[in-house]
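Colleague: I've got this model open and I'd like to talk it through with you. Can you put it up so that we're both looking at it?

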Amino acid sequence: MAEADSAISSDVLARYAADAAKEVDGVAGLADGPLQRGKAVAVSGDEDTLAVEIVLMLEWGRAAGEVAVEVQKRVSEYLSRMANMTPASVDVVFDAVGPPPPKR
């Protein structure tokens, strides 16, 4: 990491990634299941190899592929803008699907 970027911890980058992902239509929220041990976002690597893995809940009836592509785009743009870092990869995992909307 460049000296100016070294002050940005992986926890802060993970919060940025989570915030960006939750703004995407089709994301019902972060998946905080037992497999993630309470961490739905993992950040690793340095400035050149920054990797983000984010585990999400998909909204009922949404196309996982389309939502995942938008999450990847939004997370990359947000980290670039907020932290001046562009991830080498953003892996999106859907661990759950939200409940169907109530019947009327």
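Colleague: How many helices and strands are there in the chain, and what pattern does the chain follow along the sequence?

Modeller: Bear in mind that this is a predicted model. The chain has 2 helices and 4 strands. Reading along the sequence, you get the pattern α-β-β-β-α-β.

Colleague: What share of the contacts between residues at least 6 apart in sequence join residues at least 24 apart?

Modeller: For background, the chain has 104 residues, and 36% of them are buried. Of the contacts between residues at least 6 apart in sequence, the share that joins residues at least 24 apart is 74%.

Colleague: Let's go inside. Which element gives the largest share of the largest nonpolar core?

Modeller: That core has 26 residues, and Leu 13, Val 41, Val 52, Val 71 and Val 75 touch the most other members. Two or more residues each come from helix 1 (10-22), strand 2 (41-44), strand 3 (51-58), helix 2 and strand 4. The largest share is 7 residues, and the element that gives it is helix 2.

Colleague: Take Val 41 from that core. Which residues does Val 41 touch, leaving out those up to four places away in sequence?

Modeller: Val 41 is among the core residues that touch the most other members. Leaving out residues up to four places away in sequence, Val 41 touches Ala 14, Ala 17, Ala 18, Leu 30, Val 52, Glu 53 and Ile 54.

Colleague: Now the two helices. Are helix 1 and helix 2 roughly parallel, roughly antiparallel, roughly perpendicular or oblique to each other?

Modeller: Their axes come within 8 Å and cross at roughly 135°. An angle over 145 degrees would count as roughly antiparallel, and 65 to 115 as roughly perpendicular. The crossing is right-handed. Since roughly 135° fits neither of those ranges, helix 1 and helix 2 are therefore oblique.

Colleague: And which residues of helix 1 make that contact?

Modeller: On the helix 2 side you'll find Val 71, Arg 74, Val 75, Tyr 78, Leu 79, Met 82 and Ala 83. Facing them from helix 1 are Leu 13, Tyr 16, Ala 17, Ala 20 and Ala 21.

Colleague: Tyr 16 turns up there. How far apart in space are Tyr 16 and Val 75, C-alpha to C-alpha?

Modeller: Tyr 16 is in helix 1, and the residues it touches include Leu 79, Met 82 and Ala 83. Along the sequence, Tyr 16 and Val 75 are 59 residues apart. In space, C-alpha to C-alpha, they are 7.8 Å apart.

Colleague: What kind of aromatic pair do Tyr 16 and Tyr 78 form?

Modeller: The count comes to 1 aromatic pair, with the ring centres 5.8 Å apart and 75° between the planes. Tyr 16 lies in helix 1 and Tyr 78 in helix 2, so the pair ties together parts 62 residues apart in sequence. Tyr 16 counts as partly exposed at 21% relative accessibility, whereas Tyr 78 is buried at 15%. With planes over 60 degrees apart, the pair is edge-to-face.

Colleague: One last spot, just past helix 2. Is Asn 84 buried or exposed?

Modeller: Asn 84 sits in the loop between helix 2 (64-83) and strand 4 (89-97). Asn 84 has a positive phi of about 55°, although it is not a glycine. Its relative accessibility is 56% and the cut-off is over 50%, so Asn 84 counts as exposed.

Methods: Residues numbered from 1 in each chain as written. Predicted model: local features only at pLDDT ≥ 70, side-chain atom pairs only at ≥ 80, totals over all residues. Heavy atoms only, no water. Buried < 20%, exposed > 50% of the residue type's maximum accessible area, 1.4 Å probe, protein only. Core = buried A, V, L, I, M, F, W, Y, C linked by side-chain atoms within 4.5 Å. Contact = heavy atoms within 4.5 Å. Phe/Tyr/Trp six-rings, centres within 6.5 Å; stacked < 30°, edge-to-face > 60°. Axes fitted to C-alpha atoms, helices over the stretch in contact; angles between N-to-C directions. Parallel < 35°, antiparallel > 145°, perpendicular 65-115°, else oblique. Left-handed = near helix turned anticlockwise from the far one by under 90°.
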